[in-house]
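Colleague: Could you take me through one part of this model up close? I'd like a connected account of the open sheet and whatever hangs together around it, in plain talk.

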Amino acid sequence: MLNFQNVQLRRGTRVLFEHATFTIYRGEKVGITGANGTGKSSLLALVSGELQPESGEFGRPAQLRIASVAQETPAVEQAAIDYVLDGDLELRAVERALAGSTAAEDGAALAELHARFGSLDGYAARSRAAQLLRGVGFANDELERPVSTFSGGWRMRLNLARALMRRSDLLLLDEPTNHLDLDAVIWLESWLAAYRGTLLLIAHDREFLDAVVSRIVHLERQTVRAYSGNYSAFETQRSADLALAQAFYEKQQREIRHVLQFVERFRAKASKARQAQSRLKLLERMERIAPAHVDTPFEFAFLPPEKLPRPLLRIEGRSVGFGERRVLDDVELTIAPGDRIAVLGRNGAGKSTLMKLLAGVIAGSGGRQEAAADLRVGYFAQHQLEQLDDATSAFDHLRTHGGRAMQVAPEQALRDHLGGFGFRGDRVFEPVGPFSGGERARLVFALLVAQRPNLLLLDEPTNHLDLEMRHALSMALQEYSGALVVVAHDRHLIRSVADTLWLVADGSVATFDGDLDDYARLLSQPAAREQGVGAAGGDDRRIRKRLEAQRRNQLSPLRAAVRDLEAQIAQLEQERRANEAALADSRLYLIDMRDELMQQLAKRAELAQSLAAAEARWIAACEALEEAERS
């Protein structure tokens, strides 16, 4: 269906990829992956006809019907549902022809057009558009609202629904989940699984990719390679490829070290000088193998909070409303160090309102809200990306807003910190105005990490983040020793970092007795959802929440012990890697470095013992935690 033969694509003078040769067949669902800037969106533009290859050939069927999501939405007064209906170009064309034939009183044409209208399922089109709108998160009372009254994020949802409304043989989606909440992501996942056409999908949600695609096209270092299977299968295959490349690289490095040792030993000896020079020329001719790029370009960690008071925050009987509307009522919760909570709930249920209450952005009314004297909140929300000063550099943002330590830290320390979030070289001194959404999000995270919070509140933190940054964030959060509350549509992130789920529904906040799969099943059963949330009386709910809070407090020390051991293991692994790097240095094997070599070899043995002991303690701690959770 889509045929690439030795295709090269450029952006300006820069080659995005070249020698791309692969075929995408009719009905395949393909995920397009790769780091930012490798050409994923340009590949979709090539398929849609917006770009042409610099060289090579790209072919597609001439009459292919292509649907894609528009990046701009006109601020029209047209009703949302009519805007989505406009996506069905064939149906709208028949409707216009019907209007013209009616005006001309052309009976024969009317009969033919009504038959065509029926074959296009035109009588159910409005219902189909309404289902799409509800799927991406619109309420029934919003379907007739003018497009101009919706914010930018909601207009992108309108564009997505409009693209899905269009009859297509090929659907091109570029990060469709960015502006969706978890409920809408789960709905879109099921819709795409049932889509009968060919799908090309760019997404940074690995669980979403796993559920939808059966093939991966990966862009990396100006090359394009197709892999069979979903994203997890791609990761397995690519890891094997990288391991093989790394093995060849290490073998070559051993050969290089051997040659260098020979040269160092015999360069000064006249009888061996010719051989030494020959070995050096061998090195010059050797085609160097680049080390496998298995590590994420982002590497950072949350430093341990300076203080961890217990509890960090307690709320009893608090309510939140706006004007006459009550959003949350009788909120009761306790957050202690080590708690790791993900907040679930349908769009508009009050998830972000709860996060603002926890952050102190809104006060609420009634009851009590007690924060520890040493509470330090790190709050991430999308509006903070817009509050960055466009004229100020990342370096100056960090110096000003990164906390006391960053205000007095040397320049190199600030540059090293920003480097962990992908800001390197002179990039740290450039104004943030031209930064992309992903770069702004990474900068906000750099500021949060520097502030060393003991309560981390993350409201949709993965919007605009690519897969590599999401992985780095997940790894950092797993080692974070403070309390975490997160709202996210990325299920992999939730599964990786949260061990408690809260459900916001019917104006209440309660622990959800189940996992994300149970929540997805709940969403698919409206009657069960309506009956299963908020059914308990106020007194029963209050007692249940207090018991749940007590249980969390009992489990927190065990969870903290597991995380502390994981942090110890991570530190030992880092020391082990540094030791291995030292042992790989050819200079260490010179005669006058013998003492240093012996020290490094002894350290390797010591680290191996320490790692084995730490891992044994970690296994015991995990077993103790699992036993406590089952009791």
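Modeller: Here is a walk through the sheet, then its surroundings, then the salt bridges and a few backbone oddities.

Keep in mind that this is a predicted model. For the overall setting, the protein chain has 22 helices and 18 strands. Of its 631 residues, 46% are buried. Among contacts in the chain with a separation of 6 or more, 70% join residues 24 or more positions apart. The accessible surface is about 31100 Å², and carbon and sulfur atoms account for 49% of that.

Now the sheet itself. Six strands make it up, in the order β5-β6-β7-β3-β8-β9, and it is an open sheet with mixed pairing. The edges are β5 (66–68) and β9, and each has a single partner strand, so one side of each has no neighbour in the sheet. From one strand to the next, the twist averages 20°. As background, strands in a sheet pair through backbone hydrogen bonds, in a parallel or antiparallel sense.

Zoom in on β6 (residues 170–174) and β7 (residues 198–202): they run parallel to each other and share five bridges. Within that pairing, Leu173 sits opposite Leu201 of β7. Helix α1 (residues 40–48) lies across β3 (29–34), β5, β6, β7 and β8 (215–220), at about 155° to β6.

At the β9 edge, have a look at Ser228, which belongs to that strand (residues 223–228). Ser228 is exposed, because its relative accessible area is 52% and the cut-off for exposed is over 50%. Ser228 is 12 residues from Ile216 in sequence, and their C-alpha atoms are 6.4 Å apart. Leaving out residues up to four places away in sequence, Ser228 touches Ser214, Arg215, Ala233 and Gln237.

For a contrasting spot, go to Arg470 in helix α17 (residues 467–478). Arg470 has a relative accessibility of 4%, so it counts as buried. A polar atom of the Arg470 side chain lies 3.0 Å from the backbone oxygen of Leu465. Beyond its neighbours within four places in sequence, Arg470 is in contact with Asn178, His204, Asp205, Thr462, Leu465, His489 and Asp490.

The loop between β15 (455–459) and α17 is worth a backbone check, and Glu460 is located there. Glu460 has a positive phi of about 50°, though it is not a glycine. Its relative accessibility is 11%, so Glu460 counts as buried. His464 is in the loop between β15 and α17 too, with a positive phi near 75° in a residue other than glycine. His464 is partly exposed, at a relative accessible area of 27%. Elsewhere, the peptide bond from Arg310 to Pro311 is cis, with omega near -5°, and Pro311 is in the loop between α10 (270–285) and β10 (313–322). You may want to flag these spots, because most residues other than glycine have a negative phi and most peptide bonds are trans.

On to charges. The count of salt bridges comes to 33. One of them joins the side chains of Arg126 and Asp82, at 3.0 Å from N to O. Arg126 is in helix α5 (residues 125–135) and Asp82 in helix α2 (residues 80–85), so the pair ties together parts 44 residues apart in sequence. Arg126 is partly exposed at 37% relative accessible area, and Asp82 is partly exposed at 22%.

Glu207 and Arg495 form another salt bridge, with their closest N and O atoms 2.7 Å apart. Since Glu207 lies in helix α8 (residues 206–212) and Arg495 in helix α18 (residues 491–497), the pair ties together parts 288 residues apart in sequence. Glu207 counts as buried at 18% relative accessibility, while Arg495 counts as partly exposed at 38%. Salt bridges with shared partners also join Arg65, Glu90, Arg116 and Asp169 into one network.

Within that network, the side chains of Glu90 and Arg116 meet at 3.1 Å, N to O. This pair links distant parts of the chain, with Glu90 in helix α3 (residues 89–104) and Arg116 in helix α4 (residues 107–119), 26 residues apart. Glu90 is partly exposed at 23% relative accessible area, and Arg116 counts as partly exposed at 38% relative accessibility.

Conventions:
Residues numbered from 1 in each chain as written. Predicted model: local features only at pLDDT ≥ 70, side-chain atom pairs only at ≥ 80, totals over all residues. Heavy atoms only, no water. Helix = DSSP H or I, 4+ residues; strand = E, 2+ residues; numbered from the N terminus. Buried < 20%, exposed > 50% of the residue type's maximum accessible area, 1.4 Å probe, protein only. Contact = heavy atoms within 4.5 Å. Areas by Shrake-Rupley, 256 points an atom, 1.4 Å probe, with all protein chains shown as cover. Polar contact = N/O pair within 3.5 Å; in protein donor to acceptor, adjacent residues only side chain to side chain. Pairing = 2+ DSSP bridges. Axes fitted to C-alpha atoms, helices over the stretch in contact; angles between N-to-C directions. Salt bridge = Lys/Arg side-chain N within 4 Å of Asp/Glu carboxyl O.
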